[in-house]
Amino acid sequence: MEPLELLEPDPIADLAREAFQEEFQGGCYSGRFHEDNWEEEFEKIPLFMKKAPSEIDPMKNPDLACLQSIIFDDERSPEEQAKMYKNEGNDYFKEKDYKKAVTSYTEGLKRKCADPDLNAVLHTNRAAAQYYMGNFRSALNDAMAARKRKPWHLKAIVRGALCHLELKNYTEAVNWCDDGLQIDAKEKILLEVRAKADKLKRTEQRDMRKAKLKEKKEQNENEALLQAIKARNVRLVFEPASEEEESASAGLCKLLDGLNLQNPYGAKPSMDDQGRLSWPVLFLYPEYAQSDFIAAFHEDSRFIDHLVEMFDELPPWDLERKYYADNLEVYFEDEEREELYQVPPKSTLRQVLQHPRCFVKDLTPSFLVCVESSVFSRRYFGARNVQ
Amino acid sequence: MPRASVWPRLRMLVPPPAPSPQTRIGLCGFRLFGGRGRRPPVATARSGGTLAELPGVCEVRAGMEKAAADTGSSTGGGGPAGLQTLEVEVAKLLPFLAPGARADLQEEAARHVLALTGSGPGRTLLASQEALLRALVDLAAAPAPAPARDAARALVNLAADPCLHEPLLVAEPGLPARLLGRALDPQWPWAEEAAAVLANLSREPAPCASLMEALTAAEPGESGLERLVRALCTPGYNARAPLHYLGPVLSNLSQRPAARAFLLDPDRCVIQRLLPLTQYPDSTVRRGGVVGTLRNCCFEHRHHEWLLGPKVDILPFLLLPLAGPEEFSEEEMERLPVDLQYLPPDKQREPDADIRKMLIEAIMLLTATAQGRQQVRDQGAYLILRELHSWEPESDVRVTCEKLIQVLIGDEPEHGMENLLEVQVPEDVECQLQRLDRQEQEQCQREQQEWELAPEPQAEGDAPT
């Protein structure tokens, strides 16, 4: 063996080599990253992207647009496309972008591939995304669709049960849980949902019973009230005035029920433990077009007592400072005959109400109050027929 | 100890024979069917002719009548010779019960057997006939048009007698498994009868163990007990049979610790599904079975906290049948569990006294531990029991109620005795307690008798108007 011959230094080859090397040392290669914004450029390369851009602009990101078109190529089979959409949806779901996830799953379902499992999964996943967006009804529809494709798909049943719970369909929730527990008797979520739904259902039943009892009680009270009013022979008038005497009680019941709506003061006659009534009463002051409302005027109390209390301090609208309790006169109006009747202040409400010409409108007796012998009263009453 | 179902042994009423001059009460207590009216001739390959004229059945009947007449004296109880002849005669029914026999003959034979099972000596007679029993079991499981129903009812009567369990199981060791299969089959029309046989059988420990084995050996993947519970809890599981008797079956099974362990499994949802059945309106049998099951489960004091807690919430379901339409004040109402609040004025209490007693006993068991007592008190049980006590007409239920109220309002027991189920009772105290119990029972009985014998108060004569 001969020793290796050392290469003779070849000046031409050397020169060529040096020239080649210089090309690299001097300039930059094209397409390299720029020093200042190399991170941004980094992000644009699909392989290094941390986050996909929400819209893929083919101009800005040609590579990405290219990849997209490969994935979502219509030439691939529906199953593969649906699977792609499913995976895309799952990715969005993981990022909690539920709206996009729903869109992806919808696209996947649109492919109408023949695989029932895949469709069931798409429906179930879409149901989950809808659930987290708060669209419980849509989520339920998806869960039901999933079950139709695959009746024993446990995740669909779990999701459906959760939806029913949110929608307050407690009986359905329990049924779905029982169905699911037949597949996996120890499924924790189903056990929890079932217990919750059962408890809420029982609470709901209790609330219904409570409301019913309350309604019954109110009805009984109204009945008793009616009886008491009838017993006192108080004449009632309602609108429309065409109510017959016979149907008076029915009308009264309706009136009592609707009174809270009609009567702006929201008051109605009440009965105390001894069976004595108290009426809501309106005092009208025609001189100044003012009124006072007494919520509960006990039928055995006298007008004068109320007046003394009310006019202890003169009301602000009493410009002439003359509305003292002693000076006041009380009248009630008989609308039918257009007559006024004077009420002796020392009489009780009950006595007045039993006057044959006293009609109570809307269960609120109203009385006109004026100052005795005042200019106004003379003018006002001069024109009217006073009894 | 957990008890078997308190239900009286089931006896299928023997269908009454049509009035017929040939009916004779045999001296051994047999009721023999005379000709029950001619049946229309069945077209068969053999010569036609009405049933009563066909040689086989007629002979058997005649033979039995003769044997009955031979057994002699009016003091009843045939001599051994007479009995043997009867056995021979009964054995002659065997070919008619066999699977290949003519359907109408099968039916007639089955009805005979059913009639025999209606009486004690009849059952004893059948007990010795191993082959007959086996044929009967086969018939009970046979599809239509075989008289499976009558055969099943005959089995019900046979199983009602504990002495017959052994011969039955000897004749057909797979009996519990076969009956179970039939009872849990959603399509089988006589599932209720199958369940009734199981209910009777499972009262005794040996058949109960055999049934338990059959349940655990059932198809893998779904426990047999789970299927049983599902059949009981799903309305309309079997469109043709109501399956009420699965209640007592479960109740008897719950005597066994393995069954209780399944029912009380905290990782599953089993006992929770049984709770609403305490209010089942259409069947006392089902309600009773479920309440019995719950009561037996309450013996497991290690599970009391879970039972009384929110995941199961057993107490309101036990109290609801005991609650009536009473009105409580707002304050009292708020203390009650949700299910007991604002009950409507037409609320009825549990009508069966035995079930009421079992419910109170179940609650009593739950008060065994100190914590259990506290939870029962906190959930307002006292209010319900107070009202129950003033309403309760049966004296023994009232006494049980009193005892429970005493536990609830009494002082806590001394240190070391907090768990009443684990306390060791010294012998002399035990004797004393038993004596007191006996006295109490006698007292109850005496009160009951007095009440029954009390003369009717004279009705006031109508005042002349």
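Reader: How many disulfides over all chains?

Author: Zero, by the distance rule used here. Keep in mind that this is a predicted model.

Reader: Remind me what a disulfide is?

Author: A disulfide is a covalent bond between the sulfur atoms of two cysteines.

Reader: Take two cysteines anyway. C113(A), buried or exposed?

Author: C113(A) has 5% relative accessibility. The cut-off for buried is under 20%, so C113(A) counts as buried.

Reader: And C163(B), buried or exposed?

Author: Exposed. The relative accessible area of C163(B) is 63%, and the cut-off for exposed is over 50%.

Reader: Back up a bit. What is chain A made of?

Author: Chain A has 14 helices and nine strands. It holds 387 residues, and 36% of them count as buried.

Reader: What about the surface of chain A?

Author: The accessible surface comes to about 24,700 Å². Carbon and sulfur atoms hold 52% of that.

Reader: And the contacts in chain A, how far apart in sequence?

Author: Take the contacts with a separation of 6 or more. Residues 24 or more positions apart account for 56% of them.

Reader: Which features does UniProt place on chain A?

Author: Among them is "repeat: TPR", at residues 82–115, from an unreviewed entry. Another is "domain: Cns1/TTC4 wheel", at residues 272–372, also marked as an unreviewed entry.

Reader: What is the TPR span, helix or strand?

Author: Residues 82–115 of chain A are 76% helix and 0% strand. The end C-alpha atoms of that span are 10 Å apart.

Reader: And the wheel span, residues 272–372?

Author: That span of chain A is 13% helix and 39% strand. Its end C-alpha atoms lie 35 Å apart.

Reader: Strands, then. Which way do β5(A) and β6(A) run?

Author: Antiparallel, with five bridges joining them. Strand β5 covers residues 328–334 of chain A, and β6 covers residues 339–343.

Reader: What stands opposite Y331(A)?

Author: Q342(A), in β6(A).

Reader: What about the turn in that hairpin?

Author: Four residues lie between the strands. E338(A) takes a positive phi near 55 degrees in this hairpin.

Reader: How many residues of β6(A) are buried?

Author: Four of its five residues are buried, so the strand is mostly covered.

Reader: Y341(A), where does that sit?

Author: Y341(A) lies in strand β6 of chain A. At 11% relative accessibility, Y341(A) counts as buried.

Reader: What separates Y341(A) and L64(A)?

Author: Along the chain they are 277 residues apart. Their C-alpha atoms are separated by 95 Å.

Reader: Switch to the nonpolar cores. Which residues touch the most other members of the largest one?

Author: L225(B), L253(B) and I314(B), in a core of 119 residues.

Reader: What is I314(B) in contact with?

Author: Setting aside neighbours within four places in sequence, I314(B) contacts L275(B), L294(B), C298(B), L307(B), L308(B) and L366(B).

Reader: What is in the second core?

Author: That separate core has 32 residues, including W279(A), Y288(A), L328(A) and L353(A).

Reader: Last one, Q106(B). Where is its place, and is it buried or exposed?

Author: Q106(B) is in helix α4 of chain B, residues 103–116. Its relative accessible area is 4%, so Q106(B) is buried.

Reader: What does Q106(B) touch?

Author: Not counting residues up to four places away in sequence, Q106(B) touches F96(B), L97(B), A98(B), P99(B), A101(B), L139(B), A146(B) and P147(B).

How values were computed. Residues numbered from 1 in each chain as written. Chains lettered and ligands numbered in written order. Predicted model: local features only at pLDDT ≥ 70, side-chain atom pairs only at ≥ 80, totals over all residues. Heavy atoms only, no water. Helix = DSSP H or I, 4+ residues; strand = E, 2+ residues; numbered from the N terminus. Buried < 20%, exposed > 50% of the residue type's maximum accessible area, 1.4 Å probe, protein only. Contact = heavy atoms within 4.5 Å. Areas by Shrake-Rupley, 256 points an atom, 1.4 Å probe, with all protein chains shown as cover. Disulfide = S-S within 2.5 Å. Pairing = 2+ DSSP bridges. Core = buried A, V, L, I, M, F, W, Y, C linked by side-chain atoms within 4.5 Å. UniProt positions renumbered as here; feature names shortened; annotations may be inferred.
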